[in-house]
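Reader: I should like a close account of the loops and of the parts of the chain that they join. Please treat the backbone angles, the exposure of the residues and the packing in one connected answer.

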Amino acid sequence: MNDCNKAREELNLTRGCCTSCHEDFDHGYITNFCTITAKGKSYEVCCDLWDEFAERQQVARRTDTEYASNLRNDLKILLQQAYLAGFNATGDGYNAEYPYDQKGQDPEDDTDWCEKRNEAIKSIMGETK
Ligand SMILES: [Zn+2]
Ligand SMILES: [Zn+2]
């Protein structure tokens with residue numbers, strides 16, 4: 001089977017065909033082209049189209065990774081805000097005393113406080129130390 005043209009049309013591939021693959025196939029030296037699986041279909045294509053498709057998959061995967069990493073950063077910021085809100089909601093976390101508020105301080109300026117917060121967030125997000 002040779003689905004090069006079909007694959008080019010349906011998957012918007014732009015590269016031309018590999019001549020030696022097609023010659024080998026026509027002479028019966030190879031019986032199978034490379035198989036692309038996309039959109040619920042399989043396509044038998046020569047190596048150049050297969051390469052193009054593989055490169056595109058690589059790019060897609062890299063984009064997914066970047067997206068996931070941005071999402072994790074956004075989540076981290078949200079968790080920091082939630083941690084601070086929770087802390088403030090429970091009387092600064094110290095028996096209804098407000099050591100930060102009463103001194104006009106921000107807990108986020110306290111290195112120890114931030115360290116505890118970061119540890120908590122790491123463990124919530126399943127990050128190892
Ligand atoms: Zn081809
Ligand atoms: Zn080839």
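Author: In this predicted model, Asn12 sits in the loop that links helix H1 (4-10) with helix H2 (19-26). Its phi is positive, about 55 degrees, although Asn12 is not a glycine. Most residues other than glycine have a negative phi. Asn12 counts as exposed because 8 C-beta neighbours lie inside 10 Å, where a count of 12 or fewer is the criterion.

A second residue of this kind is found in another loop. Lys39 is not a glycine either, and its phi is positive at about 50 degrees. The loop that holds Lys39 runs between strand S1 (34-38) and strand S2 (41-45). These strands form a hairpin with two residues between them, and Lys39, with its positive phi near 50 degrees, belongs to that hairpin. Since 8 other C-beta atoms lie within 10 Å of Lys39, this residue is exposed.

The strands on either side of that turn are paired. S1 and S2 run antiparallel and are joined by five bridges. Two of the pairings can be named: Ile36 has Tyr43 of S2 as its bridge partner, and Thr37 has Ser42 of S2. In a regular strand the side chains alternate between the two faces of the sheet.

Which residues of S1 help to place the hairpin relative to the rest of the chain? Thr35 and Thr37 both lie in this strand. Thr35 is exposed, because 12 other C-beta atoms lie within 10 Å and the limit for an exposed residue is 12 or fewer. Leaving out residues up to four places away in sequence, Thr35 touches Ser42 and Glu44. Between the C-alpha atoms of Thr35 and Trp50, which are 15 residues apart along the chain, the separation is 7.5 Å. Thr37 also counts as exposed, because its C-beta neighbours inside 10 Å number 9. Its C-alpha atom is 9.8 Å from that of Phe53, a residue 16 places away along the chain.

Trp50 and Phe53 lead to the next element, as both are among the buried residues of H3. The 43 residues of helix H3 (residues 47-89) should span 63 Å at 1.5 Å a residue, so the 62 Å between its end C-alpha atoms agrees with expectation. H3 is nevertheless hardly covered, with four buried residues among its 43. These are Leu49, Trp50, Phe53 and Tyr83. They pack against H1, S1, S2 and helix H5 (111-124).

The packing can be followed further into the largest nonpolar core, which has 13 residues; Ala7, Ile36, Val45, Cys46 and Leu49 have the most contacts inside it. H1, S2 and H3 each supply at least two residues of this core, and H3 gives the most, with three. For Ala7, the contacts beyond four places in sequence are with Leu13, Ile36, Tyr43, Val45 and Leu49. Ile36 and Tyr43, both in that list, are the bridge partners already named in the hairpin.

How is the protein divided on a wider scale? The assignment gives domain 1 (4-55) and domain 2 (69-124). Their centres, taken over C-alpha atoms, are 55 Å apart. H5, one of the elements against which the buried residues of H3 pack, should span 20 Å over its 14 residues at 1.5 Å a residue, so the 20 Å between its end C-alpha atoms agrees. After H5 comes Gly126, and its phi is positive, near 70 degrees.

A remark on confidence completes the account. The mean pLDDT of the protein is 89, and 95% of its residues reach 70 or more. Among its elements, H1 has the highest mean value, 95, and helix H4 (residues 99-102) the lowest, 76.

Technical notes. Residues numbered from 1 in each chain as written. Chains lettered and ligands numbered in written order. Predicted model: local features only at pLDDT ≥ 70, side-chain atom pairs only at ≥ 80, totals over all residues. Buried ≥ 20, exposed ≤ 12 C-beta atoms within 10 Å, placed from the backbone. Pairing = 2+ DSSP bridges. Domains from an automatic or database assignment. Expected span 1.5 Å × (residues − 1). Contact = placed C-beta atoms within 7 Å. Core = buried A, V, L, I, M, F, W, Y, C linked by C-beta atoms within 7 Å. pLDDT = per-residue confidence, 0-100.
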